[in-house]
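Here is a short report on a predicted model. It covers one helix pair and one internal space.

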Amino acid sequence: LEMDAASKTGIDDVRELIENAKYSPTSAKFKIFIIDEVHMLSKQAFNGILKTLEEPPPRLKFILATTEVRKIPVTILSRCQRFDLKRVNIDKLFLHLKEISKKENGTISDSALQLIARASEGSVRDAISLLDRALVRQSIKNKEIQDQDVRLMLGLADRSKLILLFKEIL
């Protein structure tokens with residue numbers, strides 16, 4: 001079960017979650033609650049969930065996801081096992097995007113994929129979103145996407161033009 005803490009920040013939402021936690025899972029070994037953007041919960045909501053985190057039922061697991069760990073109270077953090085996820089290497093991201101474009105029957109050059117991988121700065125979700133935008137443009141034009149197309153889509157300048165500009169400035 002997922003709860004988006006950005007839109008459900010109050011104690012009433014957490015009480016509903018805790019009430020639901022009392023029941024054992026019906027078709028799986030564990031009942032898993034994923035609380036996305038947990039840093040958005042109110043202080044009262046954090047206090048409400050604290051007791052359940054201290055002594056969870058044996059078949060209950062919580063996954064608290066956030067991008068801002070410093071906003072989570074220490075009392076909550078001390079009761080959690082923490083995993084800090086790193087950004088994905090650009091080469092791995094490039095290979096992943098290439099595989100996706102093959103499966104989607106998209107025609108996109110390797111240089112364009114490389115540009116998308118660099119622009120996403122290691123974020124897989126951002127890279128896939130950018131690839132999706134590029135493939136939608138390609139389906140309209142019905143030609144292979146080149147790096148110039150991706151630069152235009154992202155609003156990036158061509159490096160050779162930047163070098164010429166710097167030469168002129170100097």
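Helices α5 and α7 are roughly parallel to each other. The reason lies in the angle: α5 (residues 110-119) and α7 (residues 147-154) pack at about 30 degrees, and angles under 35 degrees count as roughly parallel. Their axes are 7 Å apart.

Which residues make the contact of α5 with α7? From α5 come Ser 111, Ala 112, Leu 115, Ile 116 and Ala 119. They meet Asp 147, Val 150, Arg 151 and Leu 154 in α7. By class, this contact has 6 nonpolar, 1 polar and 2 charged residues.

Now the internal space. A search of the whole structure finds 1 cavity of 30 Å³ or more. The largest cavity has a volume of about 80 Å³. Its lining has 10 residues. Nearest the centre of the largest cavity lie Ala 134, Arg 137, Gln 138, Ile 145 and Asp 149.

Helix α7 comes up again here. Both α6 (124-141) and α7 supply at least two residues of the lining of the largest cavity. Helix α6 gives the most, with 4 residues. By class, the lining of the largest cavity divides into 4 nonpolar, 1 polar and 5 charged residues.

The table sets out the two groups by class.

| Group | Nonpolar | Polar | Charged |
|---|---|---|---|
| Contact of α5 with α7 | 6 residues | 1 residue | 2 residues |
| Lining of the largest cavity | 4 residues | 1 residue | 5 residues |

Conventions:
Residues numbered from 1 in each chain as written. Predicted model: local features only at pLDDT ≥ 70, side-chain atom pairs only at ≥ 80, totals over all residues. Heavy atoms only, no water. Axes fitted to C-alpha atoms, helices over the stretch in contact; angles between N-to-C directions. Parallel < 35°, antiparallel > 145°, perpendicular 65-115°, else oblique. Contact = heavy atoms within 4.5 Å. Nonpolar A, V, L, I, M, F, W, Y, C, P; charged D, E, K, R; others polar. 1 Å grid on protein atoms, 1.4 Å probe; cavity = no way out; pocket = protein on both sides within 12 Å on 5 of 7 lines; lining within 4 Å. Points joined across faces, edges and corners; volume = space filled by probe spheres on them.
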